[in-house]
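This briefing covers the final helix discussed here, a charged residue beside that helix, and a set of charged side-chain pairs. Please read it alongside the sequence and the coordinates.

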Amino acid sequence: MQVFFYVVSFGFLVFALYLFCHVRRKIEYYRRLEKSFDTIVDGLSKLDPNSPEEEFFQKILNIAMEVVPEAVKGSVSRITPSGDWIFVASRGHIVDLLGKRFPSRYLFRAGRDPVEVNFLDYDRDLFPDDMWKFFERTLRGTKKSLVVGIFSGDEFVGNIALDSPYSGFSELSKKVLKSLGNLASTYLLMRKTLANEQLQKVMSTIFTLLFLFRKSISVEEFLKEALQKIVEASNVFTGGIVFEGNIPVFHTDLEEIPEFDFEESKEEEKIEKLVKDGVHYIVVHLDYKDMPSYHMVFLSNEDIAPSFFSVLNTFAEVVSLYLREYHLHQKYRELALKDPLTEAYSRHYFNEWIFSHMAWLRRNQKKSILVIMDVDGLKINDTYGHLMGDKALVEFVKTLKRTVRESDLVFRYGGDEFLLVLVDSTKENAAGVLKRVEENLKNVDLPFNIEFSVGYEEIDGFIPIERVLSRADDLLYKNKFKKRGGSE
């Protein structure tokens, strides 16, 4: 039996180390991704839309080299009106690419998704001799190139190409380069629409939305401001609505909100055009994994010109980028602020979160319940060892999460002490929840029963949280004293 427990303990230790390393890797991934998006947004938001094209492309290349760590050299290319391919920006190449021209039919045309290529693997018969020699000189020491297309609306205009001496690029690098390519296309479309005063105003508005990335605002606040700015700038839309799923969350300039069923929509494009009862609707679908599905609906009394759809595609891309960055920020914070053993939230996160929650309670005149829970781990550790004690804490938190609602939060407050916040609840509900926790813990596959003591108190948003914690803590120790038969 003792050998069995040693084996179980060792297996749990290996699992705990694996979990710790996995969380650390995830935190590092999200940290790097968030930092890359910040670099892109910060660089582009400082650009002057009236700056020369060459200056813009050089800035794009500098940003690309910064956010793709595998790249040691690169270039931004452009197709001229006469059909020649010209390298308008270069960095780190053996030869000066600026002004070098080739017929565009010979060169690789990338799409909106980055692809890895190796030009030296191509059949050299596809290229004239002078072009082949040029590539051999330029790509000397390069194993792979990462290439993404640049578009002006739907028109392909050139590439961002980054060269690496390594055998490939990470998925993170491909993801951030795709976002950079899309935003570079946004800029070019804005230049293209300078002749149309109305489109120019909308495009300028879209580009100013990048400045909102620097503010600490929620998705809902960002979508609300984006909706209002586009309606004001367009002179075409008479109003707009933002839906979360099929539920309208806010609107502007509307007396009556139309109903939509987006779940039944078969449209796969980001932009959908609808006509109902003589009203023209443009729907911008904003779906991003692991986040709620949002839909922005714009209303107009007249048909929307085709030129507007390219602009709205750009708008959708900028808003989607914000959703991605916000999601990454939340994911990074969530991983960084969780206890690596139990995956409960940390005490530090509780100290940050509780004040915003109390403000929410005050605004909505609601109450939550704060529960302090103390796991009786002393006898477990003495009998079965500390590794088995750790496993008991992990199973305890898993059972808690399975029992409570998704909106309720579990925090590891210290050692074997946990906080459970039952959001928008009552003391009567808390008693029922804790009873279910006790019953569910009996089904945990361990050679002992997990027992715990509790104390709980209401949070109303007005009583200081220190006082609430003190009251709940007093009740906890009274219950522990009672469980011991009234003796110390």
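A residue is called buried when its relative accessible area is under 20%, exposed when that area is over 50%, and partly exposed in between; by this rule Lys 273, at 39% relative accessibility, counts as partly exposed. The model is predicted, and a search of the whole structure finds 13 salt bridges. The points below take helix α12 as their starting place and then turn to the charged residues.

**Helix α12 and its surroundings**

- Helix α12 runs over residues 465-483, and because each of its 19 residues should add 1.5 Å, a span of 27 Å is expected, which agrees with the 27 Å that separates its end C-alpha atoms.
- The buried residues of α12 are Ile 465, Val 468, Leu 469, Ala 472, Leu 476 and Lys 480; viewed down the helix axis they fall within an arc of 105°, so they line one face of the helix.
- These buried residues pack against α8 (347-364) and against the strands β13 (368-375), β14 (409-414), β15 (417-422) and β16 (452-459).
- On the face of α12 that is turned away from the buried side, the exposed residues are Glu 466, Lys 478 and Lys 482.

**Asp 460, in the loop before α12**

- Asp 460 is placed in the loop between β16 and α12, where it is buried yet has no salt bridge.
- The nearest side chain of opposite charge to Asp 460 is that of Lys 367, at 5.6 Å, and a salt bridge requires a side-chain nitrogen of Lys or Arg within 4 Å of a carboxyl oxygen, so this pair is not counted as one.
- What the side chain of Asp 460 does reach is backbone: a polar atom of this side chain lies 2.8 Å from the backbone nitrogen of Phe 462, and the backbone nitrogen of Ile 463 is reached at 3.0 Å.
- When neighbours within four places in sequence are left aside, Asp 460 is in contact with Leu 361, Arg 362, Lys 366 and Lys 367.

**Salt bridges between separate parts of the chain**

- Side chains of opposite charge can pair when their charged atoms come close.
- Asp 113 and Lys 178 form a salt bridge in which the closest N and O atoms are 2.8 Å apart; Asp 113 lies in the loop between β3 (101-103) and β4 (115-117) and Lys 178 in helix α4 (residues 171-192), so the pair ties together parts that are 65 residues apart in sequence.
- Both partners of that bridge count as partly exposed, Asp 113 with a relative accessibility of 44% and Lys 178 with one of 33%.
- Asp 303 and Lys 273 meet in a salt bridge of 2.6 Å, N to O; since Asp 303 lies in the loop between β11 (294-300) and α7 (306-336) while Lys 273 is in strand β9 (residues 271-276), the pair ties together parts that are 30 residues apart in sequence.
- Asp 303 is partly exposed, with a relative accessible area of 45%.
- Asp 339 forms a salt bridge with Arg 412, with the closest N and O atoms 3.1 Å apart, and this pair links distant parts of the chain, Asp 339 being in the loop between α7 and β12 (345-346) and Arg 412 in strand β14, 73 residues apart.
- Asp 339 counts as buried at 14% relative accessibility, and Arg 412 is buried with a relative accessible area of 17%.

**A salt-bridge network**

- Glu 116, Glu 171 and Lys 174 are joined in a network of salt bridges.

Conventions:
Residues numbered from 1 in each chain as written. Predicted model: local features only at pLDDT ≥ 70, side-chain atom pairs only at ≥ 80, totals over all residues. Heavy atoms only, no water. Helix = DSSP H or I, 4+ residues; strand = E, 2+ residues; numbered from the N terminus. Expected span 1.5 Å × (residues − 1). Buried < 20%, exposed > 50% of the residue type's maximum accessible area, 1.4 Å probe, protein only. Arc of directions from axis to C-beta. Contact = heavy atoms within 4.5 Å. Lys, Arg positive; Asp, Glu negative; His and termini not counted. Polar contact = N/O pair within 3.5 Å; in protein donor to acceptor, adjacent residues only side chain to side chain.
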